[in-house]
Amino acid sequence: MDTPDMDTNERFAALRKILAEVGDLGSAAGLLSWDQETYMPKGGLEGRAAVLSTLAGLAHDAFTGDQVGDLLAGLEEASRAGELSDEQIALVGETRRDYDRSVRLPASLVKQLVEARSRALPAWQQARAESDFARFRPHLELLLDLKRQEAQAIGYRQAPFDALLDQYEAGARQSDLEILFRDLQRELQPFVRAILDSGITVDTMPVRQSFDEERQKAFSAEVVRAMGFDFEAGRIDRATHPFCSGIHAGDVRLTWRSQKDDLRPAFFGIVHEAGHGLYEQGLSREWQKTPLGEPASLGVHESQSRLWENLVARGRPFWQYSLPLLKRHFPELQDDIDAERIYRAVNEVRPSLIRVEADELTYNLHIVLRFELECRLFAGELAAADLPEAWNQKMVELLGIRPDSDAGGVLQDIHWSMGAFGYFPTYTLGNLYAAQLFEAAERALGELAPAISRGEFEPLREWLREQVHVHGRRFKPRALIERATGEAPGQAAFMRYVRRKFGEIYEL
Ligand code: ZN
């Protein structure tokens, strides 16, 4: 392609054509990955890995060729000359970000990472099954080494760890998160302590009894349909882990799992994933297959799922709406189970060893722990060999409980076996953003409880769509939250929310 002769419009069209091809390859890979987790027979594993690797290679080659570099350079010149719209400037800026990241990583390092990950994953699975950290340790050490090299290759301003954080949460820095998480911990830990000392226990029986699993799904699907999840543009299938896979805005796949004797995993899992799904369905069609048609960050993505799961579906007004629905699906439920009893049952606070089973409050202490250990690992202050003990000590310090095995401690999460360092903070960022967004929505729309208690979710959903979904990556996460809520990301709105809610339940 002879880009010097092109005018700005032609350059844009040429760039969008390449981005569209890369996006299509990504969609194909996304669908194949979804299939792998849902319907693919076991024997397909090796063949599928090869197909995914080929697709990833094609996408990488198409994106990192000279064409994209030349087109970006020409468009950046046009931007300096004031020829581009705000949206075009954002599109060029975000594409530049992705491009630099891709071309700065040497092919040999990418290959080493892929290989290290593919060996680390089964090693982690076995280590966890045997509760034996030593088996996983050499793989972890190799991944840490490779990710340090990755950080050096990509570049950073302050800490090497920033380069890794940035790929999940654009612009996030270790030093900022240290302050944010310290402030959060300082308020959250004594609050959890006060709850435990209150002597009040929550009766979880209403949600822990026998519930037919297909009817759990039917009930949950009815709720997410009311939330506005569009089943003409999405579906729900069974998998071992719940997740949301946006093939594109018109095809969003949710997965679910269930437990016969507990309503919570299936129901809150589906509502959570549908929160992610609404974001995917609400992305801009106009800018699809460009960064402006992609979610802003993992933290912002998680804010959408947590907002629906926690601020909406673990709220009292929500159960006033959904209890009659629940009783229609489960007529055998006792008459004395009312909305108030369910509301309390789904808001039990209890420190536990496993992050994914944690309540809304202690969950964030699990994240504080992981973030601190990751920072120390990358700063060279902590050796992988000392990780299990450091983990256990920190659990005692933060949650007052000590894991009695590696499986129930340092080996519980899959993330590190995938080399995903810097990922965990996005979960808590999601919780904090969610509380800020909900407050801001109520400032704009008035108190939401009356509408929610009637099952009317449209005002909230449309507000989120306007403030968050349609912008894609047009704004950096921090700017997006500031723009939508009028304040920088922080812990204050979250603490106001949990103090009000749990303060009442636990009579503090
Ligand atoms: Zn999520």
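Against which helices do the buried residues of α18 pack? In this predicted model, the buried residues of α18 pack against α9 (213-227), α10, α11 (298-312), α16 and α19 (477-485). Helix α18 itself spans residues 458-467, and its buried positions are L460, R461, W463, L464, R465 and Q467. Two arginines, R461 and R465, are thus included among the buried residues of this helix.

Helix α10, one of the packing partners of α18, also carries part of the metal site. The zinc ion is coordinated by NE2 of H272, NE2 of H276 and an OE atom of E302, at 2.1 to 2.4 Å. Along the chain, these donors follow the spacing H-x3-H-x25-E. Both histidines belong to helix α10, which covers residues 264-281; a separation of 4 residues, about one turn of the helix, lies between H272 and H276. H272 and H276 are both buried, as each has a relative accessible area under 20%.

On a broader scale, the chain is divided into domain 1, residues 8-143, and domain 2, residues 174-505. The C-alpha centres of the two domains are 27 Å apart. To the contact between them, domain 1 contributes 33 residues and domain 2 contributes 38 residues. The area buried between domain 1 and domain 2 amounts to about 3,200 Å², with carbon and sulfur atoms giving 62% of that area.

Polar and charged pairs also occur between the domains. Between domain 1 and domain 2 there are 14 residue pairs in polar contact, both residues of a pair being at pLDDT 80 or more. The side of domain 1 that touches domain 2 receives at least two residues from each of the helices α1 (8-38), α4 (86-104), α5 (107-130) and α6 (133-154). Helix α1 gives the most to this side of domain 1, with 10 residues. The count of salt bridges between domain 1 and domain 2 is 5. A salt bridge is formed by E94 and R473, whose closest N and O atoms are 3.0 Å apart.

In the structure as a whole, 50 salt bridges are present. In general, side chains of opposite charge can pair when their charged atoms come close. One of the salt bridges joins R135 to E130, with the closest N and O atoms 2.9 Å apart. R135 is partly exposed, at a relative accessible area of 36%, and E130 is likewise partly exposed, at 42%. Another pairs D336 with R341, the closest N and O atoms being separated by 3.5 Å; R341 is partly exposed, with a relative accessible area of 24%.

A buried setting is found for the salt bridge between D413 and R370, in which the closest N and O atoms are 2.6 Å apart. This pair links distant parts of the chain, the two residues being 43 residues apart. D413 is located in the loop between α15 (387-399) and α16 (425-445), whereas R370 is located in helix α14, residues 362-378. Both D413 and R370 are buried. Salt bridges that share partners also join E94, R97, D98, R101, D166, E294, R473 and K476 into one network. This network includes E94 and R473, the pair whose closest N and O atoms are 3.0 Å apart.

Technical notes
Residues are numbered from 1 along each chain as its sequence is written. This is a predicted model: local features need pLDDT of at least 70, side-chain atom pairs count only at pLDDT 80 or more; totals for chains, interfaces and linings use all residues. Side-chain values use heavy atoms; hydrogens and water are left out. Donors are N, O and S atoms within 2.8 Å of the metal (3.2 Å for Na, K and Ca); water is not among the atoms, so sites may look incomplete. Buried means under 20% relative accessible area, exposed over 50%, partly exposed in between (1.4 Å probe, protein chains only). Domain bounds come from an automatic or database domain assignment. Contact means heavy atoms within 4.5 Å. Buried area is the accessible area (1.4 Å probe) that two parts lose on being put together, summed over both. A salt bridge is a side-chain nitrogen of Lys or Arg within 4 Å of a carboxyl oxygen of Asp or Glu. A polar contact is a pair of N or O atoms within 3.5 Å; within protein, one must be able to donate a hydrogen and the other to accept it, and residues adjacent in sequence count only if both atoms are side-chain atoms.
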